[in-house]
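Student: I'm new to this one and would love a close look at a single part. Could you pick a helix and walk me through what surrounds it and how the rings and cores are arranged?

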Amino acid sequence: MKTNTNEGSRAYLFSIVLVAVLGGLLFGYDTAVISGAERGLQAFFMNAEDFTYTSFLHGITSSSALLGCIIGSAISGLMAGRFGRKKSLFIAGVCFFLSAAGSYCPEFLFFPKGVASLNLLVAFNLYRVLGGIGVGMASAICPMYIAEIAPADKRGKLVSWNQFAIIFGQLVVYFVNLVILGDHIAPKMEALAEGINRIVNVDALASDGNWSVTTGWRLMFGSECVPAGLFTLLILLVPETPRYLAMSGQEDKALGVLRRINGESKAAEILSEIKATVTEKREKLFTYGWIVIFVGIMLSVFQQIVGINAVLYYAPRIFESMGMGNPMTQTVLMGIVNISFTLVAIFTVERLGRKPLLITGSLGMAIGALGVALADIFPELPGVIGVISVMFYSASFMFSWGPICWVLISEIFPNTIRGAAVAVAVAFQWISNFVVSSTFVPMYTWSPAFTYGLYCAFCIIAAVFVWRLVPETKGKTLEDMTALWKNRKK
């Protein structure tokens, strides 16, 4: 791969980013796989003889990976600072792979195959938590890695590709789930999913053709082994980021990476800027004031409390309640819409800036959420109005809060606190995700109008927050963030 000594190698940069965004694809794949598997999984554990698998336990099981996400994101700063960005991503890949394999066969070594029990449920949830740890680490470190590798004028676009990979991972798993399920959604499985417990045993279910309960959900989780294994191997081939290398005293290696990406003359200039901001290897989290941490945290919180992941996780159930045919088909369609509008952000973020996209997306989401609420208040309206409103709401998120939040979190913090600050911000993101995901079903069951009305209000507040407090970072280097926050502190 030839490097232009004046401009650097775009192919080299692209290949590095391509490997890094596989972590985003796994993020999306792991968090969305539950949408197709949860009903078969529910039916399987309802057949247990030693305990009653309640809807509460199913809610915990469906969202247990999020607990791991909180842990993974919380330790990501420590991991990235101690072991480096590259090694931390390798560890995340191992977590992804072991979780996928363990979720496919949680009975491995310790339990009889196909026999639901309380101990097996615990084992399954531990594997899902392990995968969540990988997701949490990748969600914080992948954007950080890309931001620290990318030139300033390409950073927003390249970090946005991570969000594209997340949505693409969700779309891939929607297709995989659809293909795996095929015509195996048997009536008995549906009856079990509605709350009939222990009517028949697993053998009876299998003889009745309910393959989804015995096998389908396993294949959905196990399918993640393929991208997880690929990511874990490929991450070994990419370099460590020049910012981390410089902070670790490996300036020659840092310069070598910068030369291949930016060219000979620009590399020396960038390294000089990096060294000027990392004279102290570590600084306290609030060295640049509380406002920078507050902005990072609230970016994360707003990305979740606008309600998007409640829609993504429970999309099949939402579309089914609207009476719009095959809910998995509608979910795949929404995935295609999400992909398309994520591309809008990728190709406009460097031209339009971060703040305009966030504010426009917030207002678009508010309109979409209001449309869903009105569809519930006035049930005589055609069901397609609710479906279009959900997709408009989702599309608005995908060109704004979806990618742009990750761009800002990866770039607004000064070099010396970036690892710890990103970890704090992303941990709050997963905590907010867990709260939203765990409260959505009871709120939606009680009143869809109230649920989406609440999300509408949060969208409007998010727009005001961005307008008033979030700095525009378009065209600024990561080293510029140090001066920006020092001036705000004064």
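Tutor: Let's begin with one helix and then move out to the cores and the aromatic rings.

Keep in mind that this is a predicted model. Our helix is helix 4, which covers residues 118-149. How many of its 32 residues are buried? The count is 26, so helix 4 is largely enclosed by the rest of the structure. Its length works out nicely too: at 1.5 Å a residue, the 32 residues should span 46 Å, and the end C-alpha atoms are indeed 46 Å apart. Even so, helix 4 has a kink of about 30°, centred on Ala138.

Now zoom in on Gly131, which sits in helix 4. Gly131 counts as buried because its relative accessible area is 0%, and the cut-off for buried is under 20%. What does Gly131 touch, if you leave aside its neighbours within four places in sequence? The answer is Asp30, Cys95, Phe96 and Ser99. Take Cys95 from that list: it is 36 residues from Gly131 along the chain, yet their C-alpha atoms are separated by 5.5 Å.

Next, the cores. The largest nonpolar core has 118 residues, and the ones touching the most other members are Leu299, Trp401, Phe413 and Trp485. Our helix matters here, as helix 4 gives the most to this core, with 13 residues. A second core, of 25 residues, lies apart from that one, and its members include Ala43, Ala116, Val173 and Tyr174. Going back to Phe413, its contacts beyond four places in sequence are Val292, Ile293, Gly296, Arg418, Ala421, Val422, Ala425 and Met481.

On to the rings. There are 19 aromatic pairs in the model. One of them joins Phe27 and Trp430: this pair is tilted, with 5.3 Å from centre to centre and 50° between the planes. Here two distant parts of the chain are linked, since Phe27 belongs to helix 1 (residues 10-45) and Trp430 to helix 21 (residues 418-446), 403 residues apart. Are these two rings buried or exposed? Phe27 is buried, at 8% relative accessibility, and Trp430 is buried as well, at 1%.

Compare that with Trp161 and Phe164, an edge-to-face pair with 5.0 Å between centres and 75° between planes. Both belong to helix 5 (residues 155-181), and because they are 3 residues apart, about one helical turn separates them. Trp161 is partly exposed, at 27% relative accessibility, while Phe164 is buried, at 17%.

Some rings gather in a group: Phe44, Phe45, Phe51, Tyr53, Phe124, Trp217 and Phe221 are linked into a cluster by ring pairs. Look at Phe44 in that cluster, and you'll find Arg218 over the face of its ring, 5.5 Å from the centre. There's another charge over a ring elsewhere: the charged end of Arg468 sits over Trp467, 5.4 Å from the ring centre.

Finally, set helix 2 (residues 55-83) beside our helix. With 29 residues at 1.5 Å each, helix 2 should span 42 Å, and the 41 Å between its end C-alpha atoms agrees. Helix 2 has a kink as well, of about 45° and centred on Ser63. Just after helix 2 comes Gly84, which takes a positive phi of about 95°.

Conventions. Residues numbered from 1 in each chain as written. Predicted model: local features only at pLDDT ≥ 70, side-chain atom pairs only at ≥ 80, totals over all residues. Heavy atoms only, no water. Phe/Tyr/Trp six-rings, centres within 6.5 Å; stacked < 30°, edge-to-face > 60°. Helix = DSSP H or I, 4+ residues; strand = E, 2+ residues; numbered from the N terminus. Buried < 20%, exposed > 50% of the residue type's maximum accessible area, 1.4 Å probe, protein only. Lys NZ or Arg CZ within 6 Å of the ring centre and 35° of its normal. Core = buried A, V, L, I, M, F, W, Y, C linked by side-chain atoms within 4.5 Å. Contact = heavy atoms within 4.5 Å. Expected span 1.5 Å × (residues − 1). Bend = angle between axes of the 7 residues up to and from the residue.
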